[in-house]
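Here is a short note for a colleague who has not met this structure before. Please read the points with the model open beside you.

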Amino acid sequence: MPVQETGTSILVNVGSHFDPATSIFVAPRKGVYSFSFHVVKVYNRQTIQVSLVLNGWPVISAFAGDQDVTREAATNAGLVLMERGDKAYLKLERGNLMGGWKYSTFSGFLVFPL
């Protein structure tokens, strides 16, 4: 299930292919896309895992699990091949995020059209 939280701040959304109501990015065309994300865990003694999900399948994950650190960041980035209409979103697989998704970032853009 994609991130669904009110109060999302969107800095840039050229073409409106990111839907703030569902937090899903829909590829406007076939190509290679770059995605990156950054999240912060809220409690020590826990591990968080966040995945970039493409059409329902996790393709890139990030972990933070230092048991002695209260606030720790998990971040990752990668290139993915997307077809027109493919959907990408973040999914919290386990753990709790600081402020929910408030202190998290999710960025994506077309690198090379095919």
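1. First, a term. A nonpolar core is a set of buried Ala, Val, Leu, Ile, Met, Phe, Trp, Tyr and Cys residues joined through side-chain atoms within 4.5 Å. Buried here means under 20% relative accessible area. Keep in mind throughout that the model is predicted.

2. Which residues touch the most other members of the largest nonpolar core? They are Phe35 and Met82, in a core of 21 residues. The elements that each supply two or more residues to this core are β3 (31–40), β4 (48–54), β5 (57–64), β6 (73–82) and β7 (87–94). As a general point, nonpolar side chains tend to be buried together in soluble globular proteins.

3. Look at Phe35 next. Leaving aside residues up to four places away in sequence, Phe35 touches Phe25, Leu52, Asn76, Ala77, Gly78, Val80, Met82, Ala88, Phe106, Ser107 and Gly108. Met82, named above for its contacts within the core, is thus also on the contact list of Phe35. Gly108 has a second link: this residue of β8 is the bridge partner of Phe35.

4. Now the sheet of three strands. The order is β6-β3-β8, the sheet is open, and the pairing is antiparallel. β6 and β8 (105–113) are the edge strands, each pairing on one side only. From one strand to the next, the twist averages 15 degrees.

5. How many bridges does β3 form with β6? There are 10, in the antiparallel sense. Tyr33 has Val80 of β6 as its bridge partner. On the β8 side, eight bridges join β3 to its antiparallel neighbour. There, Val32 stands opposite Phe112.

6. Why is β3 largely enclosed by the rest of the structure? Because seven of its 10 residues are buried.

7. The other sheet to trace has five strands. They run in the order β1-β2-β7-β4-β5, again as an open sheet with antiparallel pairing. Its edge strands are β1 (18–19) and β5, and each pairs on one side only.

8. Finish at the β5 edge. Seven bridges pair β4 with β5 in the antiparallel sense. Within this pair, Val53 stands opposite Pro58 of β5. Both strands also give two or more residues to the core described in point 2. So do β3 and β6 from the sheet of three strands, and β7 from the sheet of five.

Conventions: Residues are numbered from 1 along each chain as its sequence is written. This is a predicted model: local features need pLDDT of at least 70, side-chain atom pairs count only at pLDDT 80 or more; totals for chains, interfaces and linings use all residues. Side-chain values use heavy atoms; hydrogens and water are left out. Buried means under 20% relative accessible area, exposed over 50%, partly exposed in between (1.4 Å probe, protein chains only). Helices (H or I, at least four residues) and strands (E, at least two) are DSSP runs, numbered from the N terminus. Contact means heavy atoms within 4.5 Å. Two strands pair if DSSP finds at least two bridges between them. Axes are lines fitted to C-alpha atoms, for helices over the stretch in contact, and angles run from 0 to 180 degrees between N-to-C directions.
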